[in-house]
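Here are my notes after going through the model you sent. Have it open beside you while you read, and skip around as you like.

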Amino acid sequence: MDNQNEARQRVEELSVLLRKYSKEYYELDAPTVSDIEYDRLFKELQELEAKYPELKTSDSPTQKVGSSSERKFTQIKHKSRLYSLDNTYSYEDLVQWYERLKKNYGLENPPALVCELKIDGLAVSLIYENSKFILGATRGDGVIGENITNNLRTIKTIPDKLKNQISELEVRGEVFMPKTAFEKLNEKQREQNGKLFANPRNAAAGSLRQLDASVTESRELSMFSYYGRLDSKEFNIESHSQMLDFLKSEGFNVNPAYKKCSNIEEAIEYCKYWDTKRSELDYATDGVVIKIDSFLLQSEMGYTARAPRWATAFKFPPEEMSTIVKNIEVNVGRSGAVTPVAILDPVYISGSTVQRATLHNFDEIKRLNINIGDRVLIKKAAEIIPKVICVTEHAQHKESSFAPPEFCPSCGTKLVETEGEVNLYCPNHLGCPEQIKGRIEYWVSKDCMDIDGLGDNIVAQLVDREIVKTPADLYKVTVDDLLTLDLIAEKSAQNLYSVIQASKNPSLARFINSLGIRHVGKETSELLASRFVSLDALKNAAFEDILDIEGIGDKIALSILDFFSNSYNNEVLKELDEYGVKPRNSEIVSGSDKLKGLTFVITGTLSDTRDKFAGLIKQNGGKVSSSVSKKTSYVLAGENPGSKYDKAQSLGVKIINENEFRQLIGE
Ligand SMILES: [Zn+2]
């Protein structure tokens, strides 16, 4: 941007956007953009102001920490300022930060660090005088916060009284809502037609800033403490890690995952570990806070205008990124559902490059008001197809607005609407190439027949060349057929042929799942397989027999009956049988009531999946729960157990390992 007028315009735009986002975040508890998007715009503004100092105003968003709050509560000035942390987004940045500190402060030995999970909640400050909790406030803009003492008193993990006699102590922590409590709360809100919260952070913020403290009390909030400031020197606390231990001994809830690291390499290992494990935690975390451990070094390094030099926040690779919509395409799924897909400027999110994101249906396009050329925010959660969250900037030159198609883009058949559903459908189930591809891709996928090596590209070629029309056709494909495809060498054709032939005898559950019966997924398939044992028994099952299974309702039962009464499906099943594709009958597992009346919670890594252990518990008459309470009989804990382990300890719930569990069920 060379032209000053252009720069002025952009500075104004950015200021308006940043103020809006800041207000949404700090005052409305309802951010509409991710932190990374906010940081991107903030940095752009900073750079422009550096280049054109005359454009910098005293009320520019770059000159403020956060934003002042709406006056719902009385305001109080913090005893000492609550700084933000500088963010780092890459391991190289972390190494640079560390090396710079070493160089600037002439440190010959690598200084020790403390790594802590950065909890995605609300920062608060608590003041204790004469060992009693007397004042609690939100972070606010770092200088002035809101007095929410009464609300904080309702949080059980905030002690009212300290254990030692202490004249003055300030504790800071992050108030958060566990994911399980968040889901329960939204469930309740939905029942009562109340406001739904977008995420646990918003729910925690909304719950904490209630004028009626009894509402806060009903919301299952918790707090992790991560900072303490003592006026007296009598406890001889010389480092951050000692302070955390001290806070724990005074009755505060300190996140058990914190770790003292002797150098930056160890800290990076910590970040890598938690980047992959964070989804298993019952609270949201968006990064790792890394601090120099020694208080002496901390005071030597001091603060910049915004943040301490001795700490940095490493942000996990974002699950949200901003990019441009290049095109909107229409996808035809295996059931004929026609869905719009946004084609994106490639963007790197959570370890992979994303180029497509689902838009779900044509109503969603209207709701998002999305068009080609718009800048959008993309979200990717673990193993879920990326989706478009919102439009952040509309394109200047709008192309004609996107209209739903009338005809199937794959086979040209006129699309139909199904009553009560938002999707459009292609009714040409047997002849539509995209639907056939979708069914074959599903058939060979991991949870179905698990035919490794039969990728989408090969499936597409087999369908386009009309070698394969149904799953049964796969089993008559010859090595010669495979050799006619592009990019297949003799050896891999041989391999692929063998893999297909070797897949002919799956478990009954897999086979049922592979059929792609509407509303029947992996779990329902397992239920059906263990109840009916053989495919023939399932085919001949009566409506009442299916409905009799716990967890299966009318909709699923009807869909199963429909599937097996369809002549085309029966034709395919007959062919599969003729080609020797025969599911193995289920083993009859005899149940026991050894665990009758007992409730289990499973945590950590065991020798097999948690589902497997949950299955064993249920087979033996026990129950499985997702959260630990006093009613929990046992916590079955594997390697690296999470917060459930600590909770069990604090409640005195018996914790057992896998061997002890196997003894319980008599294995
Ligand atoms: Zn079609």
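1. Domains first. Keep in mind that this is a predicted model. The domain assignment splits the protein into domain 1 (4-63), domain 2 (75-315), domain 3 (320-425), domain 4 (433-578) and domain 5 (599-664). For a sense of the layout at the C-terminal end of that list, the C-alpha centres of domain 4 and domain 5 are 35 Å apart.

2. Now the metal. Which residues coordinate the zinc ion? The donors are the SG atoms of C408, C411, C426 and C432, at 2.2 to 2.3 Å. Along the chain these residues follow the spacing C-x2-C-x14-C-x5-C.

3. Where do two of these cysteines sit? C408 is in the loop between strand 16 (387-393) and strand 17 (416-417), while C426 is in the loop between strand 18 (424-425) and helix 12 (433-444), so this pair ties together parts 18 residues apart in sequence.

4. The geometry looks clean to me on the angle criterion. The four donor atoms subtend angles of 99 to 115 degrees around the zinc ion, and the arrangement is tetrahedral because all angles between 85 and 135 degrees is what that label asks for.

5. Buried or exposed, for C408 and C426? C408 has a relative accessibility of 4% and so counts as buried. C426 is buried too, with a relative accessible area of 0%. C390 also makes the list, at 19% relative accessibility; it counts as buried because the cut-off is under 20%.

6. On disulfides, the count is zero. The rule there asks for a pair of cysteine sulfur atoms within 2.5 Å.

7. Next, strand 21 (residues 634-637). Its side chains alternate: Y634 and L636 point one way, V635 and A637 the other, and all are buried.

8. What does strand 21 pair with? Strand 19 (residues 599-603) runs parallel to strand 21 and is joined to it by four bridges. Strand 22 (residues 654-656) is also parallel to strand 21, with three bridges between the two.

9. V635 is a handy residue to click on here. V635 is the bridge partner of V601, and V635 also stands opposite I655 in strand 22. As noted above, the side chain of V635 points the other way from those of Y634 and L636.

10. Last one, on connectivity. How do strand 21 and strand 22 fit together with helix 23 (residues 643-651)? Strand 21, helix 23 and strand 22 form a β-α-β unit, and that unit is right-handed.

Conventions. Residues numbered from 1 in each chain as written. Predicted model: local features only at pLDDT ≥ 70, side-chain atom pairs only at ≥ 80, totals over all residues. Heavy atoms only, no water. Buried < 20%, exposed > 50% of the residue type's maximum accessible area, 1.4 Å probe, protein only. Domains from an automatic or database assignment. Donors = N, O, S within 2.8 Å, 3.2 Å for Na, K, Ca; no water. Tetrahedral: all angles 85-135°; square planar, octahedral: opposite > 155°, others 65-115°. Pairing = 2+ DSSP bridges. Right-handed = clockwise from strand over helix to strand, strands pointing away.
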